[in-house]
Amino acid sequence: MKKNRIRPIALCVFRNNNRILVFEGHDSIKDETYYRPLGGGIEFGESSEAAVRREIIEELHSEIEDLKYLGMLENIFTVNGKPGHEFVMIYDGALKMLGLYEQAVIVGIEADINESFNALWKSLDEFGEGKSILYPTGLLELLVGNQAKLDR
C-alpha cells in the first residue's frame with residue numbers, strides 16, 4: 001500500500017446458509033487473528049463491480065452471479081504496525097462454481113504477490129463483541145441490517 005493514500009477496494013460477501021466466505025488473516029504485532037471477505041483493490045478507471053468480479057476470478061477462478069451492492073464502509077486501521085485507510089465497496093453475490101460451497105477450506109491465490117491463502121466458511125454468529133473479528137469495521141452491522149435483502 002502506498003504511504004498516505006486512501007485505497008479503494010471492493011469485497012464480496014458469499015453466503016452459504018448462515019455462513020459467509022472469509023479470508024483468515026493474522027496481525028503478528030497485535031497477535032490477532034481476523035477475518036475479511038474476499039476481493040481487493042479497484043484499479044484506476046475500473047468500476048467497483050468490475051473490480052470485485054476480476055478479483056474473485058483471480059483468487060478463486062470463479063465468476064460471480066446475482067451481484068448486489070450493499071453499501072460502502074470507510075476503514076481506518078493498523079495491520080502489522082502499518083497504517084491503512086480504505087473505502088470499501090461491499091457486495092453480495094453467488095459463486096458460479098457451486099462446488100466451492102461444499103469445501104470447508106478453499107485455497108485461493110493472491111495474484112499481486114503470487115501467494116496462496118485459505119478461505120473458509122464462518123457463521124455470522126461467530127463474529128461480534130468478544131468473538132472472532134470481522135473486518136472492515138461495520139461490516140457485521142451492515143450484513144445484519146441487510147438481512148432481508150441477502151436472504152435468497
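This text goes through strand pairing, ring contacts and unusual backbone angles in a predicted model.

Strand β1, residues 7-16, is a convenient place to start. Eight of its 10 residues are buried, so β1 is largely enclosed by the rest of the structure. Its pairing can be followed strand by strand. With β6 (82-95), β1 pairs in the parallel sense over eight bridges. Phenylalanine 14 has glycine 93 in β6 as its bridge partner. With strand β4, residues 38-41, β1 runs antiparallel, and four bridges join the two. Here isoleucine 9 stands opposite glycine 41 in β4. With β2, β1 again runs antiparallel, joined by two bridges. In that pairing arginine 15 has isoleucine 20 of β2 as its bridge partner. The hairpin of β1 and β2 has two residues between the strands, and asparagine 17 takes a positive phi near 60° in this hairpin.

From β2 the path leads on to β3. These two strands pair in the antiparallel sense over five bridges. Aspartate 27 has glutamate 32 in β3 as its bridge partner. The hairpin of β2 and β3 has four residues between the strands. Aspartate 31 is placed in this loop and has a positive phi of about 50° although it is not a glycine. Is aspartate 31 buried or exposed? Its relative accessible area is 61%, so aspartate 31 counts as exposed, the cut-off for that class being over 50%.

β3 also pairs with β9. The two strands run parallel and are joined by two bridges. Tyrosine 34 has isoleucine 133 in β9 as its bridge partner. After β9 comes a loop that leads to α2 (139-145), and proline 136 is placed in this loop. The peptide bond from tyrosine 135 to proline 136 is cis, with omega near 0°.

A further residue with an uncommon backbone angle is found elsewhere in the chain. Asparagine 80 is located in the loop between β5 and β6. Its phi is positive, at about 50°, although asparagine 80 is not a glycine. With 33% relative accessibility, asparagine 80 counts as partly exposed. Why are such places worth pointing out? Most residues other than glycine have a negative phi, and most peptide bonds are trans.

The aromatic side chains give another view of the fold. How many aromatic pairs are there? The count comes to six aromatic pairs. In one of them, phenylalanine 23 and tyrosine 34 meet edge-to-face, with 6.5 Å from centre to centre and 65° between the planes. Phenylalanine 23 lies in strand β2 (residues 19-27) and tyrosine 34 in strand β3 (residues 32-36), so their pair ties together parts that are 11 residues apart in sequence. Phenylalanine 23 has a relative accessible area of 25% and is therefore partly exposed. Tyrosine 34 has a relative accessible area of 14% and is therefore buried, since buried means under 20%.

Tyrosine 35 and phenylalanine 127 form an aromatic pair that is also edge-to-face, at 5.9 Å centre to centre and with 65° between the planes. Tyrosine 35 belongs to strand β3, whereas phenylalanine 127 lies in the loop between β8 (115-123) and β9 (133-134), so this pair ties together parts that are 92 residues apart in sequence. Tyrosine 35 is buried because its relative accessibility is 8%. Phenylalanine 127 is buried because its relative accessible area is 4%. The ring of tyrosine 35 has a further contact: the charged end of lysine 122 sits over this ring, 4.6 Å from its centre.

Phenylalanine 23 and tyrosine 34 appear again in a cluster, where ring pairs link Phe23, Tyr34, Phe117 and Tyr135. Tyr135 is also the residue that precedes the cis peptide bond to proline 136.

The last stop is on the surface. Which residues form a nonpolar patch there? Ile6, Tyr69, Met72 and Phe87 do, with about 350 Å² of accessible area together. Tyrosine 69 is placed in strand β5, residues 64-79. Its relative accessibility is 37%, so tyrosine 69 counts as partly exposed. Membership of a patch needs over 30% relative accessible area, which is why a partly exposed residue can belong to one.

Key. Residues numbered from 1 in each chain as written. Predicted model: local features only at pLDDT ≥ 70, side-chain atom pairs only at ≥ 80, totals over all residues. Heavy atoms only, no water. Patch = residues over 30% accessible without salt bridge, like charges linked within 9 Å, V, L, I, M, F, W, Y side chains within 5 Å. Areas by Shrake-Rupley, 256 points an atom, 1.4 Å probe, with all protein chains shown as cover. Salt bridge = Lys/Arg side-chain N within 4 Å of Asp/Glu carboxyl O. Buried < 20%, exposed > 50% of the residue type's maximum accessible area, 1.4 Å probe, protein only. Phe/Tyr/Trp six-rings, centres within 6.5 Å; stacked < 30°, edge-to-face > 60°. Lys NZ or Arg CZ within 6 Å of the ring centre and 35° of its normal. Pairing = 2+ DSSP bridges.
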